[in-house]
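I opened a fresh page for this protein and set down what I wanted to look up, working from the whole chain to single residues.

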Amino acid sequence: MSDGKAIVFCEGQYTTANGKTAHGLVRFTTRYNVAGVVDSKAPTGDAGEVLDGKPRGIPMFSSLQEAYEKTKPEILVIGAVSEGGFLPPGYDEAVVWALSHGLDVVSGLHQFLSDEERFLRLAIENNCKITDVRKMFRDKKRFYTGEIANVDATRIAVLGTDSAIGKRTTAVMLVQELRRRGRRADMIFTGQTGWMQGWPHGTVIDALINDFVSGGIEGAILESWNDEKPECMVIEGQGSLVHPFFPGGFEILAAGQVHGFILQDAPGRPHLDGFPGYAMPDPGRVVKIAQLLSQRPLIGIGLNHERLPLTEAENAKKALRRRFKVPVEDPVVDGVEQLADAIENLR
């Protein structure tokens with residue numbers, strides 16, 4: 001059951017990688033009924049078509065007032081991220097506007113809106129709720145126990161060569177494809193957008209104290225197993241094993257005790273997202289590190305086609321197939337049937 005009708009505020013960011021929370025909610029969510037996306041700098045039309053050419057019945061709006069009048073929402077979701085997790089410039093005005101108009105506000109940022117007097121006062125005056133997703137996980141302190149050894153499910157990690165590269169999108173699509181085939185499958189979310197999408201099992205690892213990250217991942221896997229007994233769990237990756245600013249992946253490989261991993265890569269990306277002075281890592285380096293850490297195989301590659309014309313994207317897929325001898329698909333273009341086949345072949 002949906003938490004309510006929501007508009008996603010993503011001013012100036014929807015057509016950039018920083019709009020990834022909005023992208024995730026446009027592509028999939030069971031938690032909210034997404035009625036529109038607000039970004040005056042983005043093209044008009046269907047938010048799905050603007051994102052990846054696939055209409056999803058979610059209109060773009062140029063202002064909060066327009067979105068409010070045409071959709072009558074109950075919730076405003078902050079759809080953009082920023083370095084450091086602070087509210088992007090000007091977004092505070094949107095929060096004030098939403099609360100003043102009686103809308104609940106949901107944010108996945110590190111900056112907790114519910115701790116700020118100016119927002120809290122408005123929320124109380126207008127009988128609104130402010131949900132800081134990371135705050136919900138901040139004080140969770142589950143230590144790793146090793147009980148994961150009792151979980152008889154194939155566990156696959158989706159890693160990446162960079163942040164904001166499509167790891168969650170690929171993970172979601174894999175679970176959907178496996179379920180379409182009649183398999184019991186679940187996604188273990190590890191970031192705030194996964195919670196916003198309505199996945200029931202997961203944690204937000206960058207909100208946890210480091211000592212409890214492994215325990216948080218294991219706990220989510222155990223909850224999934226106890227609730228659903230899935231044949232397969234796909235664990236959403238974070239950052240990259242070699243990312244100097246957003247290192248992530250080792251805790252997922254180790255705590256998740258994975259049976260294999262999929263790598264998400266963007267061959268046309270010239271540098272790490274948001275950091276022009278840092279070149280993208282060679283995917284072979286990331287694969288080698290992941291294999292050494294997990295002692296498990298690479299089973300497939302998801303390609304992010306950003307900056308690549310169609311012919312170049314096809315050539316990139318062919319080159320990756322020749323080099324790594326695994327299936328390679330561009331999930332938002334090709335789907336993930338071959339990657340799902342690779343998962344099923346592990347069982």
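**Domains**

I began with the domain assignment, which divides the protein into domain 1 (4–137) and domain 2 (147–345). I note here that the model is a predicted one. Taken over C-alpha atoms, the centres of domain 1 and domain 2 are separated by 26 Å, and I found that 26 residues of domain 1 are in contact with 24 residues of domain 2.

**Cavity**

Next I looked up how many cavities of 30 Å³ or more a search of the whole structure finds. The search returns one, and about 40 Å³ of space lies in the largest cavity. I listed its lining as Leu178, Arg183, Arg184, Glu231, Cys232, Ile343, Glu344 and Arg347. Sorted by class, the residues of this lining come out as three nonpolar, five charged and no polar.

**Ala153**

I then turned to Ala153, which sits in the loop between helix H6 (133–138) and strand S7 (154–160). Is Ala153 buried or exposed? With a relative accessible area of 3%, Ala153 falls under the 20% cut-off and is therefore buried. Leaving aside neighbours within four places in sequence, I recorded that Ala153 is in contact with Trp225, Pro230, Glu231, Met233, His259 and Arg347; Glu231 and Arg347 also appear in the lining of the largest cavity. I also checked the pair Ala153 and Ser294, which are 141 residues apart in sequence and lie 17 Å apart in space, C-alpha to C-alpha.

**Gln111**

For Gln111 I noted a place in the loop between strand S5 (104–107) and helix H5 (117–125). Gln111 has a relative accessible area of 16%, and I entered this residue as buried because that value is under 20%. Its side chain and that of Glu116 are joined by a polar contact of 2.5 Å. Beyond the neighbours within four places in sequence, Gln111 is in contact with Gly85, Phe86, Leu87, Glu116 and Asp132.

**Glu251**

Last, I looked up Glu251, found in helix H10 (residues 250–256). What does the side chain of Glu251 reach at 2.7 Å? I found that it is the backbone nitrogen of Gly249. With neighbours within four places in sequence set aside, Glu251 is in contact with Ile205, Val213, Ile217 and Gly256. I also took down the separation between Glu251 and Ile343, a residue of the cavity lining: the two are 92 residues apart along the chain, and their C-alpha atoms are separated by 21 Å.

Key
Residues numbered from 1 in each chain as written. Predicted model: local features only at pLDDT ≥ 70, side-chain atom pairs only at ≥ 80, totals over all residues. Heavy atoms only, no water. 1 Å grid on protein atoms, 1.4 Å probe; cavity = no way out; pocket = protein on both sides within 12 Å on 5 of 7 lines; lining within 4 Å. Points joined across faces, edges and corners; volume = space filled by probe spheres on them. Nonpolar A, V, L, I, M, F, W, Y, C, P; charged D, E, K, R; others polar. Helix = DSSP H or I, 4+ residues; strand = E, 2+ residues; numbered from the N terminus. Contact = heavy atoms within 4.5 Å. Polar contact = N/O pair within 3.5 Å; in protein donor to acceptor, adjacent residues only side chain to side chain. Buried < 20%, exposed > 50% of the residue type's maximum accessible area, 1.4 Å probe, protein only. Domains from an automatic or database assignment.
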